Amino acid sequence: MYPSLTRSTGDLFAEFEGLQRQLDQLFGLRHWPSSIRAATRGAFPALNMGVTDQAVEIYAFVPGLDPAKIDVQVDKGLLTISGERTAEPAQGDKVASYAEERFSGAFRRVVSLPEDADAGRVDATYRHGVLKITIPKRESAKPKRIEVRD
Amino acid sequence: MDMKQDQLKARESRNDFHATPLTPPVDIVEDKEGITVRADIPGVSKETLSIDVDGDTLTISGTVALDATTDLKSVYAEIRTPQYKRSFVLSRDLDTEQVSASLAHGVLTLRVPKREQAKPRRIEVKA
């Protein structure tokens with residue numbers, strides 16, 4: 001049922017996982033409207049985005065990074081997250097490597113922000129490998145209750 | 001009434017299907033002393049992570065705990081299941097009693113040492 005810890009790549013399990021990934025690509029994002037800058041499944045880092053009445057929140061799943069080395073920029077309504085993740089050096093004498101699935105290298109992802117996001121007040125925090133970016137909405141875009149006078 | 005319950009059950013099983021946990025990507029490296037497993041599980045804290053050894057099966061499972069604002073409406077999501085799970089079969093030369101784990105910035109590092117008798121050693125050829 002489970003792959004062995006010491007299986008080599010290129011066996012039946014690996015092929016099956018590849019097939020599953022292809023099926024996911026075919027059916028996975030079917031119900032979700034995708035942005036023009038949306039990357040294919042498996043892009044690093046994975047992004048989630050949500051809105052509240054007050055702000056736009058973006059979650060980037062970037063594990064294993066030094067927060068000081070994550071570059072977050074906002075320019076002309078585009079939010080860019082970039083950086084580089086280097087593979088950890090092997091400890092001791094490496095005998096064999098059985099899996100290298102984790103991302104390593106430079107990455108860059110771009111998100112177009114909603115019109116009402118106030119790019120001047122962006123806040124970013126990094127916790128448990130998740131980068132949370134909060135962009136408040138402009139005052140004029142926040143829902144307001146209008147008093148009815150008599 | 002019965003029909004309604006059936007519908008509910010059907011809906012539940014559908015939800016279960018969608019709740020299939022994510023498979024975290026791993027690096028597995030072996031050296032003379034043991035095996036090191038690194039897994040990317042962003043969003044999982046020490047409190048929401050569990051590592052279980054049952055017989056010769058090692059299972060990593062964790063729940064993503066985002067401190068999201070309660071009225072957050074999702075507009076786009078690539079991580080849609082807040083759960084990770086992955087199991088491995090350990091071979092007999094590995095010491096399941098001595099598994100150590102550390103979690104930093106969403107990366108889990110597991111160290112599974114080899115049993116004493118399984119470590120490579122040189123055999124002296126006597127005259």
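Start in chain B: select strand 4, residues 57-63, together with strand 6. In this predicted model, the two strands pair in the antiparallel sense over seven bridges. To see one position along that pairing, click on Ile60(B), which stands opposite Arg86(B) in strand 6.

Now add strand 3 of chain B to your selection. You have an open sheet of three strands in the order 3-4-6, with antiparallel pairing. Which strands stand at the edges? They are strand 3 (49-54) and strand 6 (83-89) of chain B; each has a single partner strand, so one side of each is left without a neighbour in the sheet. Turn the view a little and look for the twist, which averages 10° from one strand to the next. As a general point while you look at strands, side chains in a regular strand alternate between the two faces of the sheet.

Next, show both chains and go to where they meet. The contact takes 38 residues from chain A and 39 residues from chain B. On the chain A side, strand 1 (46-51), strand 2 (55-61) and strand 5 (94-100) each supply at least two residues. Strand 5 of chain A gives the most, with seven residues. If you colour the chain A side by class, you'll find 18 nonpolar, twelve polar and eight charged residues.

Stay with strand 5 of chain A and bring in strand 1 of chain B, residues 26-31. These two pair across the chains, antiparallel, over five bridges. Pick Ala96(A) and you'll find its bridge partner, Glu30(B), in strand 1 of chain B.

Another cross-chain pairing is waiting at strand 1 of chain A. Select that strand along with strand 5 of chain B (residues 73-77): they run antiparallel and are joined by four bridges. Here Val51(A) stands opposite Lys73(B).

Keep Val51(A) highlighted and look within chain A. In strand 2 of chain A, Val51(A) stands opposite Val56(A). Strand 1 and strand 2 of chain A pair in the antiparallel sense over six bridges, and they form a hairpin with three residues between them. Strand 1 of chain A is mostly covered, with five of its six residues buried.

What sits in the loop between those two strands? Thr52(A) is found there. Is Thr52(A) buried or partly exposed? Thr52(A) counts as partly exposed because it has 16 C-beta neighbours inside 10 Å. While you're there, try a distance to Lys144(A): the two residues are 92 residues apart along the chain, and their C-alpha atoms are separated by 14 Å.

Last stop: the insides. In soluble globular proteins, nonpolar side chains tend to be buried together. The largest nonpolar core here has 19 residues, and those with the most contacts inside it are Leu47(A), Ile58(A), Tyr59(A), Ala60(A), Phe61(A) and Leu131(A). Strand 1, strand 2, strand 4 (78-85) and strand 8 (130-136) of chain A each give two or more residues to this core. Strand 2 of chain A gives the most, with five residues.

Zoom in on Leu47(A). Leaving aside its neighbours within four places in sequence, Leu47(A) is in contact with Ile58(A), Tyr59(A), Ala60(A), Arg109(A), Val111(A) and, from chain B, Glu78(B). Apart from that core lies another, of 18 residues; select Val37(B), Val44(B), Tyr84(B) and Leu94(B), which are among them.

Methods: Residues numbered from 1 in each chain as written. Chains lettered and ligands numbered in written order. Predicted model: local features only at pLDDT ≥ 70, side-chain atom pairs only at ≥ 80, totals over all residues. Contact = placed C-beta atoms within 7 Å. Nonpolar A, V, L, I, M, F, W, Y, C, P; charged D, E, K, R; others polar. Pairing = 2+ DSSP bridges. Buried ≥ 20, exposed ≤ 12 C-beta atoms within 10 Å, placed from the backbone. Core = buried A, V, L, I, M, F, W, Y, C linked by C-beta atoms within 7 Å. Axes fitted to C-alpha atoms, helices over the stretch in contact; angles between N-to-C directions.
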